[in-house]
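Trainee: I would like to take one careful look at a single part of this model, with the whole chain as background.

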Amino acid sequence: MKPSFHTITHPSLGTKLLVLGIGLVLALALAFTWFNTKTQRNELQGVFNQQATALAFNIAVSSNSHLLEKDFAVVETLLLKANEFKDLYSATVISAEGKVLAQVLRDPDTQRLSARYDVGRLNVPKRDLQTQLFSNERYLTVIEPIESAGRLIGHVVLEFDLTPLQTRQSELIERNVLLAVILIFPAALALWLFIRKTILELNALTDFAQRMVKDQGIEQATSPTSRELAMLHHTLNWASVTLRKKNRALEAAKLKADKSNDLKSQFVANMSHEIRTPLNGILGLTEIILSNSALAEKPRRNLELIQLSAEHLLRVVNDILDFSKIDANCLDMDPQPFELRPNVQAMVKMVSSAYAKPHVATVLDIDPDVPNYLFGDCPRIMQVLNNLLSNALKFTQHGQVSLTIKTKQGTEKTQKSKSKIHFAVRDTGMGISESARTEIFKAFSQAEPGTARKYGGTGLGLTITQRLLELMNSRIHLWSEEGVGSEFSFTLELPIVEEQKTTDSEPLAVNMTLNNTPAAPEFGHASTGLRVLVAEDNMVNQTFISHVLTQLGISYRFADDGLAALQAVDQEKFDLVFMDMHMPNMGGLEACRAILAKPQHKNLPIVGLTADAIADTREACMSAGMREYISKPFKRSDIEAVLARLKFNVSPIPMQNFDHDKELLKTTIDMIAAEIPQLADDTEKQLLAENFPEAKRALHTLKGHCKLVGELAFADFIQQLENQLTQNQLPAAKSIEHLKTNLRVLQQRLRLLSQ
């Protein structure tokens, strides 16, 4: 309902306010136009100068090496590539003495840069290592020094035509003036309406006040003033309704935000999978190729650089994912008993190798009083120390970086069950300014501009470190002095774990002779053929896993999705399944549940392969019935560790015996598998005939085949038989039976490998 208004009988106050308001609008419009025009002109000029300086710097950096090599044709090509900068009129590279080495000039007809040499020399006002800018009414000249090892070797001279810039500035002035003129009229009208409404409301409020003085209640008011108060009442009602609507909107927004957070978590998981999956292929195949000792030096160096780059990318991805999980409060600590010293030593060795510098020493000092067996989240503690140590090594050029670990005094009761461990990482680097000491702990922040470009990193290391320590009920302390160094320290209160002492039982010797000669060592056995199903849809990962399993002497078969894996286990007997989590048609978790639901497969070990970064991935794998879990990217050692935990014994094949050629390996295995029955028969016949030289010859061939395919334990057993024949001793019947049995096992394994 629209309110009705009284007619204003004395508008003098409104007129005065209107005149004053319009005057202020005009003054503000003029001031804004002037200031905005000046600011925008300066910004245009500043951006133009920055672009010009950046182009000159890039050309100087790019032409540095070519100038030293006197390859002026390449320098000219670099200048021609600047054609896309339409305001560039000419570009010249001169020597330190002013001699023109390369020059391009924009053709007025074609508007393209073309090679041209107008002068033989150019004079540079100041021949130093500073960028110089000169401008006149028509041109801006940028002179950028070209240096090598602190020595001036030339200059890049760029001339930019200022006419287009001046045209844009003039258009800017005209546009701002026109905009100000256009805005003055609606502003004046709005001001008049606002003042008129204000005067009317003041008049109505005065009328209402008079009625209130005359004891006329609000409910009885029938004048326009009463209607104005009714309007206010309706407005308050409207405000209440609006507030309720906004509350409902906020609740909906909260639900939407929660859903968005869930989507974000899923996105983080998908991003982790999509990045880690190709990284697994890069790191895995690089490791496979680098294991070839015959690899030439230059390709080896290139592959090592690829490996370092991939590992750096993996660290960046891990930092971003960790920060995302911390930011979403999804990072859970997983305390376990761990051994402090070997973990710290391994971490220090890895970090010091990665950031090794000739004039920087890395020192590890662990106080003898520090307990070795503790209870805590060892990977996260190592992550914190890794971040601090790598930062210290990155920013230290001379001196040393030290990691000191010692105990701090606590109460007597605490000392019996817990220990306060103080960690301190100190360096002799550049130090941190006082103004930057709080900034470095903020996400994506670093102490100085250009730090990321010079030293690398995401700017998340210290943020993650601080948040991890907060999750472990600790906090980080910083001491620093510019030019002297820095120290980051923290204290963790960790429960002490009693050391578990175990003793290894000695293997029993087996008597391999008929008489009472000394007993020979334990029988060597041939490895049984291990058959593995790999459910993996990524071709690169299939290639890497096939190389690893081949090297380990394991027979395998691939399934491209969970449905194919489910069909494969029904068609063939497998000892183990490696199951990727994300596959088309049927995912890894669903396929795992379907396989284990069948009675004949309920004891089949399944190992999860995933690049997911979500916290409950391991729990999801274990809940689905998987025995183990490997996170991508993984290495051969990760697969070997899982096989060891699952009690699978393998005999790795020395691929160097086959020049790392899988086809040659397959051909050789086929030949050996075909020869084994004949060699076994020959050995048995010659032993029965006590023809020791011929039996020894057959055994020698079998031993060579075993060593070739990595059956070293069985080869040692055959060597024992050879030694007995050399001494004209006939092996025991059980030794011969052991030989025959294991040759059959070996033949079966080789036939599996050749499939």
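Trainee: How much area does the protein chain expose, and what percentage of it do carbon and sulfur atoms supply? With that as background, please look closely at helix α3 (residues 163-213).

Mentor: The protein chain exposes about 42,500 Å², and carbon and sulfur atoms supply 56% of that area, where accessible areas come from the Shrake-Rupley method with a 1.4 Å probe and, for residues, only the protein chains shown count as cover. This is a predicted model, in which local features need pLDDT of at least 70 and side-chain atom pairs count only at pLDDT 80 or more, while totals for chains, interfaces and linings use all residues. Residues are numbered from 1 along each chain as its sequence is written, and side-chain values use heavy atoms, with hydrogens and water left out.

As background, the protein chain has 19 helices and 18 strands (DSSP runs numbered from the N terminus, helices being H or I with at least four residues and strands E with at least two). Of its 755 residues, 41% count as buried (under 20% relative accessible area, with exposed meaning over 50% and partly exposed in between, for a 1.4 Å probe and protein chains only). Among contacts in the protein chain with a separation of 6 or more, 68% come from residues 24 or more positions apart (contact means heavy atoms within 4.5 Å).

Within helix α3, it helps to begin with two sequence neighbours. Leu172 lies in helix α3 and counts as buried because its relative accessibility is 4%. Leaving aside neighbours within four places in sequence, Leu172 is in contact with Thr37, Gln40, Arg41 and Leu44. A further pairing concerns Lys38, which is 134 residues from Leu172 in sequence, although their C-alpha atoms are 9.8 Å apart in space.

Ile173, also in helix α3, counts as partly exposed because its relative accessibility is 32%. Together with Val177, Val181 and Phe185, Ile173 makes a nonpolar surface patch of about 350 Å² (patch residues have over 30% relative accessible area and no salt bridge, with like charges joined within 9 Å and nonpolar side chains, namely Val, Leu, Ile, Met, Phe, Trp and Tyr, within 5 Å).

The helix also takes part in a charged pairing, since the side chains of Arg168 and Asp87 meet in a salt bridge with an N to O distance of 3.8 Å (a side-chain nitrogen of Lys or Arg within 4 Å of a carboxyl oxygen of Asp or Glu). This pair links distant parts of the chain, for Arg168 is in helix α3 whereas Asp87 is in the loop between α2 and β1 (88-95), 81 residues apart. Arg168 is partly exposed, because its relative accessible area is 34%, whereas Asp87 is buried, with a relative accessible area of 17%.

The pair belongs in a wider setting, as a search of the whole structure finds 13 salt bridges. For comparison, Glu722 forms a salt bridge with Lys703, the closest N and O atoms being 3.2 Å apart, and this pair also links distant parts of the chain, with Glu722 in helix α18 (residues 712-726) and Lys703 in helix α17 (residues 692-708), 19 residues apart. Glu722 is buried, with a relative accessible area of 4%, and Lys703 counts as buried at 8% relative accessibility.
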